[in-house]
Amino acid sequence: MDEQMDALVKIVGKLAGKYTAGESTSVTYEKAEQLMEAVLYCIREAEETG
Amino acid sequence: MDKGWMMVSEGKEQLSNLIASNWISERFGLTLSKQDAELILEERKNVLREQRRVEFGEGIIPKIIYEFYDSDYIDQDNYRDTLIRLQEIFYLYKNETRDRLTDEELLHLMKEQFEYQCFGDLDELADTYLMQAAGAIRAGVPYDRLIQRSDI
């Protein structure tokens, strides 16, 4: 896994922790995918407006 | 986007966490070798893929160990294989309960039923008791009622 992807996965992991209120170490593929899409959306927005 | 990122694994860190859990379980005569820990982590990857779940952080196995290390039905001979089966059952029922239980609640329910209803029979735990409990959770029965029932 390259560094950029590693950083993205760490952010998704943190979001997953918030989503489960720290009470679950895992989420479904579907939820993980939604969280990753949210992160990518924010990055794109920041790039476009930045 | 390629979904390969979902096969998250922290490799070395998880391996050392798992071996470090020996400090608590060895009081009950239970220890994992490096090979045992590697096999458990390999099985973890398989079951997460099967159950279509992504896990972050240190993972569930240390929590399974802390919940089950004092079981009357686990000894050194069956320790590794029991942990592998328990993690399979855990992820299956995270899905079957639609994530309505926290990790801690599900592990506690599993332990109660394993000890006092199934007397250490993992097949009975997975195929009978937890199946019924998951049905009840999906139907809206509160977790506390299930625990009270399993304490009878």
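Colleague: Why does B:Lys34 count as partly exposed?

Modeller: The model is predicted, so this is a computed value. B:Lys34 has 47% relative accessibility. Buried needs under 20% and exposed needs over 50%. The value for B:Lys34 falls in between, so the residue is partly exposed.

Colleague: What makes B:Glu38 and B:Lys34 a salt bridge?

Modeller: Their side chains come to 3.1 Å, N to O. The cut-off is 4 Å, so the pair counts. Both residues sit in helix α3 of chain B, four residues apart, or about one turn. B:Glu38 is partly exposed because its relative accessibility is 38%, again between the two limits.

Colleague: Why do residues three or four places apart point the same way in an α-helix?

Modeller: An α-helix has 3.6 residues a turn, so such residues point the same way.

Colleague: Where do B:Glu88 and B:Arg85 lie?

Modeller: Both are in helix α5 of chain B, three residues apart, about one turn of the helix. Their closest N and O atoms are 3.0 Å apart, so they pass the 4 Å test for a salt bridge. B:Glu88 has 31% relative accessibility, so it counts as partly exposed. B:Arg85, at 22%, is partly exposed too, because 20% is the limit for buried.

Colleague: Is B:Lys94 buried or exposed?

Modeller: Buried: the relative accessible area of B:Lys94 is 1%, and the limit is 20%. B:Asp103 is also at 1%, so it is buried as well. The two form a salt bridge, with the closest N and O atoms 2.9 Å apart. Elsewhere, salt bridges with shared partners join B:Asp36, B:Arg80 and B:Asp81 into one network. Over all chains, the structure holds 13 salt bridges.

Colleague: Why is the pair of B:Phe68 and B:Phe114 called edge-to-face?

Modeller: Two tests apply. The ring centres are 5.6 Å apart, within the 6.5 Å limit, so the rings pair. The planes stand at 70°, over the 60 degrees required, so the pair is edge-to-face. It links distant parts of the chain: B:Phe68 is in helix α4 and B:Phe114 in helix α6 (residues 103-116) of chain B, 46 residues apart. B:Phe68 is buried at 1% relative accessibility. B:Phe114 is buried at 1% as well.

Colleague: What cluster do ring pairs form?

Modeller: They link B:Phe68, B:Tyr73 and B:Phe114. The structure holds four aromatic pairs over all chains.

Colleague: How do you know that B:Ile61, B:Pro62, B:Ile64, B:Ile65 and B:Phe68 of helix α4 are on the same side?

Modeller: These residues of α4 (61-68) in chain B are buried. They cover an arc of only 160° around the axis, which puts them on the same side of α4(B).

Colleague: What is the salt bridge formed by A:Glu30?

Modeller: A:Glu30 pairs with B:Arg52, and their closest N and O atoms are 3.0 Å apart. The limit is 4 Å, so the call holds. The count between chain B and chain A is one salt bridge. The rule also finds ten residue pairs in polar contact across this interface. On the side of chain B that touches chain A, the elements giving two or more residues are α3 (34-50), β1 (53-55) and α5 (79-96).

Colleague: What is the area buried between chain B and chain A?

Modeller: About 1,800 Å², with carbon and sulfur atoms giving 63% of it. The contact takes 22 residues from chain B and 19 residues from chain A.

Colleague: Why does B:Thr102 count as buried?

Modeller: B:Thr102 has 15% relative accessibility, under the 20% limit, so it is buried. B:Thr102 is in the loop between α5 and α6 of chain B. Leaving aside neighbours within four places in sequence, B:Thr102 contacts A:Glu23 and B:Lys94.

Colleague: What pattern does chain A follow?

Modeller: Along the sequence it reads α-β-α. Buried residues make up 32% of the 50 residues in chain A. A:Gln34 is in helix α2 (residues 29-49) of chain A. A:Gln34 has a relative accessible area of 44%, between the 20% and 50% limits, so it is partly exposed.

Technical notes
Residues are numbered from 1 along each chain as its sequence is written. Chains are lettered from A and ligands numbered from 1 in the order in which they are written. This is a predicted model: local features need pLDDT of at least 70, side-chain atom pairs count only at pLDDT 80 or more; totals for chains, interfaces and linings use all residues. Side-chain values use heavy atoms; hydrogens and water are left out. Buried means under 20% relative accessible area, exposed over 50%, partly exposed in between (1.4 Å probe, protein chains only). The arc is that of the directions from the helix axis to the C-beta atoms. Rings of Phe, Tyr and Trp (its six-membered ring) pair if their centres lie within 6.5 Å; planes under 30 degrees apart count as stacked, over 60 as edge-to-face and the rest as tilted. Contact means heavy atoms within 4.5 Å. Buried area is the accessible area (1.4 Å probe) that two parts lose on being put together, summed over both. A polar contact is a pair of N or O atoms within 3.5 Å; within protein, one must be able to donate a hydrogen and the other to accept it, and residues adjacent in sequence count only if both atoms are side-chain atoms.
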